[in-house]
Amino acid sequence: MNCFFHFKHKLHSLFEPQTMASTKKRTIISAMVSADKKLEKELLEAGNKLLNPPSSVDNLLRLLGQVGKSLSKVEQSPSKSIQKALSPSLKALISDKLIKHSDVGVKVALASCLSELTRITAPDGPYNDHQMKEVLRLIVSSFENLHDMSSRWYETRISILETVAKVRLCVVMLDLECDALILEMFRLFLKTIREYHPEIVFSSMEAIMARVIEESDDISLGLLYPILDCVKKDNKVVSPIARKLGKSVLQKCATKLIIPICGML
């Protein structure tokens with residue numbers, strides 16, 4: 001009898017971990033499905049509200065904040081149900097009412113939402129070429145006051161910069177031949193970088209600038225001028241951190257730049 005109970009207990013102990021693991025797996029899957037459903041609801045509700053944006057800037061900023069928060073939860077290559085839930089936001093965020101809004105805060109908040117969309121849909125863009133150029137212009141404009149720590153949008157601007165670097169959005173700029181916009185972006189980086197910025201700002205700017213140079217078929221003098229100008233010893237206006245950024249980019253792209261720079265001499 002004792003042998004029988006011992007065998008039964010041993011048999012139960014063999015199957016118990018598998019049963020527990022299976023139960024845990026089902027619980028995790030159920031939680032994921034529930035979270036997806038909640039996210040779909042958030043995206044649909046906020047996106048549909050954004051199709052008819054509030055006239056009040058404060059209310060619009062709150063709504064864009066909700067949309068941005070929801071978009072930040074969406075992974076790349078989302079499910080079809082999430083893609084469907086994204087549809088109202090995709091349409092609303094590129095509308096003239098928002099893309100041409102005059103308020104600086106709205107522009108930055110909108111740029112943040114749009115940068116999240118580019119992350120979600122990468123390596124493809126969320127819009128057609130003409131619309132993407134509008135999106136890229138807005139995103140680059142958000143770097144204008146990246147040095148302003150007192151701004152309520154300081155951290156948002158840094159987050160946008162980080163996303164642009166991560167998804168290699170600069171390659172899309174090259175593909176769309178946004179040469180003037182890339183030059184403006186380089187100038188803004190060298191103008192706004194500060195010693196007090198977190199390391200991610202320097203590394204993101206460096207990565208973006210180096211990627212543009214490495215991916216360019218033809219490197220123009222115009223593109224290199226801001227970088228070369230900031231590393232000149234007789235340039236008394238440029239900040240030490242901007243000079244450091246310029247030197248770092250030149251060092252990273254030294255092999256690619258030998259021929260173009262020699263051609264300028």
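Trainee: Is Asp229 buried, partly exposed or exposed in this model?
Mentor: Keep in mind that this is a predicted model. The relative accessible area of Asp229 comes out at 24%. Buried would need under 20% and exposed over 50%, so Asp229 is partly exposed.

Trainee: Which residue does the side chain of Asp229 meet in a salt bridge?
Mentor: Look for a Lys or Arg nitrogen within 4 Å of the carboxyl oxygen. The N to O distance here is 3.8 Å. The partner has a relative accessible area of 38%, so it counts as partly exposed. That partner is Lys232.

Trainee: How many salt bridges does a search of the whole structure find?
Mentor: The pair of Lys232 and Asp229 is one of them. Glu42 with Lys73 is another. Searching the whole structure gives seven.

Trainee: How far apart in sequence are the parts that Glu42 and Lys73 tie together?
Mentor: Their closest N and O atoms are 3.2 Å apart. Glu42 sits in helix α1 (residues 2-50), while Lys73 is in the loop between α2 (57-72) and α3 (80-93). So the salt bridge joins parts separated in sequence by 31 residues.

Trainee: Which helix holds both Glu162 and Lys166?
Mentor: These two side chains also form a salt bridge, at 3.5 Å from N to O. They are four residues apart, about one turn of the helix. Both lie in residues 154-166, which is helix α7.

Trainee: And what is the relative accessible area of Lys166?
Mentor: Its partner Glu162 is partly exposed at 25%. Exposed takes over 50%, and Lys166 does count as exposed. The value for Lys166 is 63%.

Methods. Residues numbered from 1 in each chain as written. Predicted model: local features only at pLDDT ≥ 70, side-chain atom pairs only at ≥ 80, totals over all residues. Heavy atoms only, no water. Helix = DSSP H or I, 4+ residues; strand = E, 2+ residues; numbered from the N terminus. Buried < 20%, exposed > 50% of the residue type's maximum accessible area, 1.4 Å probe, protein only.
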